Amino acid sequence: MEKINELPEALCTDEAVCFIADRYHVTPQQLLRYFLYGETSIPLEANEVEILNGLSGQVKEDTITNIKSR
């Protein structure tokens, strides 16, 4: 998967994303990049993974659409 250069502001400021990021002492941007690319192993709980999957699904879909339209 091609890496996303900029994450949507709405996703980075989402209350759930900010809460989870704060819990693991990372920024929302770091959390999302770690989650989307698997660059580190933050021990997320199952419900946190479900939340992030739901929120980040749109980012992944947009990325695939942008890659195909090039």
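In the predicted model, the structure holds 2 salt bridges. Side chains of opposite charge can pair when their charged atoms come close. One of the bridges is formed by Glu45 and Arg23, whose closest N and O atoms are 2.8 Å apart. This pair links distant parts of the chain, since Glu45 belongs to the loop between helix 3 (28-37) and helix 4 (46-68), whereas Arg23 belongs to helix 2 (residues 15-23). The two residues are 22 residues apart. Glu45 counts as partly exposed, with a relative accessibility of 38%. Arg23 is likewise partly exposed, and its relative accessible area is 38%.

Arg23 also forms a salt bridge with Glu48, and here the closest N and O atoms are 2.6 Å apart. Glu48 lies in helix 4 and Arg23 in helix 2, so this salt bridge ties together parts of the chain that are 25 residues apart in sequence. Glu48 is buried, because its relative accessible area of 5% falls under the 20% limit. Through shared partners, the salt bridges join Arg23, Glu45 and Glu48 into one network.

The elements that carry these residues belong to a protein with 4 helices and 0 strands. Along the sequence, the pattern is α-α-α-α. The protein comprises 70 residues, of which 30% count as buried. The exposed surface amounts to about 4,800 Å², and carbon and sulfur atoms supply 50% of this area. Among contacts in the protein with a separation of 6 or more, 46% are accounted for by residues 24 or more positions apart.

The nonpolar interior was examined next. The largest nonpolar core has 15 residues, and those that touch the most other members are Val17, Val26, Leu31, Leu32 and Leu52. Helix 1 (9-12), helix 2 and helix 3 are the elements that give two or more residues to this core. Helix 3 supplies the largest share, with 5 residues. Within helix 3, the buried residues include Pro28, Leu31, Leu32, Phe35, Leu36 and Tyr37. Leu32 illustrates how this helix meets other parts of the chain. When neighbours within four places in sequence are left aside, Leu32 is in contact with Leu7, Leu11, Cys12, Val17 and Leu52. Just after helix 3, Gly38 adopts a positive phi of about 60°.

Finally, the confidence of the prediction was considered. The protein averages a pLDDT of 79, and 74% of the residues score at least 70. Among the elements of the protein, helix 2 has the highest mean pLDDT, at 96, while helix 4 has the lowest, at 69. Over residues 63-70 the pLDDT is below 50. Beyond near neighbours in sequence, this stretch has 4 contacts in the model. The salt-bridge network thus involves Arg23 in helix 2 and Glu48 in helix 4, the elements with the highest and the lowest mean pLDDT, respectively.

Note on methods. Residues are numbered from 1 along each chain as its sequence is written. This is a predicted model: local features need pLDDT of at least 70, side-chain atom pairs count only at pLDDT 80 or more; totals for chains, interfaces and linings use all residues. Side-chain values use heavy atoms; hydrogens and water are left out. Buried means under 20% relative accessible area, exposed over 50%, partly exposed in between (1.4 Å probe, protein chains only). Contact means heavy atoms within 4.5 Å. Accessible areas come from the Shrake-Rupley method with a 1.4 Å probe; for residues, only the protein chains shown count as cover. A salt bridge is a side-chain nitrogen of Lys or Arg within 4 Å of a carboxyl oxygen of Asp or Glu. A nonpolar core is a set of buried Ala, Val, Leu, Ile, Met, Phe, Trp, Tyr and Cys residues joined through side-chain atoms within 4.5 Å. pLDDT is the predictor's confidence in each residue, from 0 to 100.
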